[in-house]
Amino acid sequence: MLTALVALVGLLAGCAFPSRETPGAERAEVLARLGPPTATYPLAAGERWLYSELPAGFAAYNLDFDANGRLVRNEQVLTQTRFETIPVGVWTQTDVQRTFGPPLRVERVARFDGDIWTYRFRQNSDPRLAHVHLDRQGVVRLVMFTDELPNFDNTRD
């Protein structure tokens with residue numbers, strides 16, 4: 001039992017998390033520690049690796065590498081502040097996906113002619129949802145926020 005506990009602690013201590021990657025790290029080292037990213041996107045002078053915890057988690061990390069394969073920026077992007085900076089009427093579906101990755105879900109509603117991409121995140125400790133409205137041309141028209149309500153089972157009431 002004690003041996004199993006020591007082994008588990010050792011495994012957890014050795015776990016790699018995108019949040020721990022620091023600028024200057026080499027692309028090959030990051031890949032060895034974290035494994036393959038959720039998605040990759042070309043940048044003007046390098047490449048972005050996205051590590052997303054969706055659908056179950058609340059974080060997504062953009063790891064930006066320069067042309068020489070060195071990490072230059074590490075940002076957790078699923079935040080209210082980051083969603084609030086989306087330039088409405090300017091950004092397209094491509095910009096949203098390159099920044100936030102694939103959404104938790106894509107929906108349609110009667111009052112909007114286009115897709116609504118939903119992302120989950122935490123604001124302080126509260127689970128929230130960001131709803132990015134994309135028109136038929138794929139241009140962002142609105143960003144809304146709602147609280148993610150617990151999924152209570154009220155069938156016994």
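# Strands, a helix and two cores in a predicted model

Strands β7 and β8 (residues 140–147) are antiparallel and are paired through seven bridges. This description concerns a predicted model. On β7, V132 has V143 of β8 as its bridge partner. Four residues separate the two strands in their hairpin, where G138 has a positive phi near 85°.

Strand β7 also pairs with strand β6 (residues 112–123), again in the antiparallel sense, and ten bridges join the two. Here V132 of β7 is the bridge partner of W117. V132 therefore has a named partner in β6, W117, and one in β8, V143. Strand β7 itself covers residues 126–135, and eight of its ten residues are buried, so the strand is largely enclosed by the rest of the structure.

The hairpin of β6 and β7 has two residues between its strands. One residue to look at is N124, in the loop between β6 and β7. Its relative accessible area is 74%, so N124 is exposed. N124 has a positive phi of about 60° although it is not a glycine. Most residues other than glycine have a negative phi, and most peptide bonds are trans. The second part of that rule has an exception here too: the peptide bond from L54 to P55 is cis, with omega near 15°. P55 belongs to the loop between β2 (46–52) and β3.

The backbone angles mentioned in this report are collected below.

| Site | Place | Angle |
|---|---|---|
| L54 to P55 | peptide bond, cis | omega near 15° |
| G101 | just after α4 | positive phi of about 80° |
| N124 | hairpin of β6 and β7 | positive phi near 60° |
| G138 | hairpin of β7 and β8 | positive phi near 85° |

Helix α4 spans residues 93–100, and its residues D95, V96, T99 and F100 are buried. Viewed down the helix axis, the buried residues of α4 fall within an arc of 100°, so they line one face of the helix. These buried residues pack against strands β2, β3, β6, β7 and β8, and against helix α3 (80–84). Just after α4 comes G101, with a positive phi of about 80°.

The largest nonpolar core consists of 20 residues, and F83, V96, F100, Y119 and V132 are those with the most contacts inside it. At least two residues of this core come from each of β1 (39–43), α4, β6, β7 and β8. A second core, separate from this one, has ten residues, including A25, Y51, Y61 and F65.

What is F83 in contact with, leaving aside its neighbours within four places in sequence? The residues are L78, F100, Y119, F121, A130, V132, V143 and F145. Among them, F100 is one of the buried residues of α4, and V132 and V143 are bridge partners.

Is D64, a residue of strand β3 (residues 60–66), buried or exposed? D64 has a relative accessible area of 6% and is buried, because buried means under 20%. Its side chain makes a polar contact of 2.7 Å with the side chain of R48. Leaving aside neighbours within four places in sequence, D64 is in contact with L43, E47, R48, R70, L71, V72 and R73.

Notes
Residues numbered from 1 in each chain as written. Predicted model: local features only at pLDDT ≥ 70, side-chain atom pairs only at ≥ 80, totals over all residues. Heavy atoms only, no water. Buried < 20%, exposed > 50% of the residue type's maximum accessible area, 1.4 Å probe, protein only. Pairing = 2+ DSSP bridges. Polar contact = N/O pair within 3.5 Å; in protein donor to acceptor, adjacent residues only side chain to side chain. Contact = heavy atoms within 4.5 Å. Arc of directions from axis to C-beta. Core = buried A, V, L, I, M, F, W, Y, C linked by side-chain atoms within 4.5 Å.
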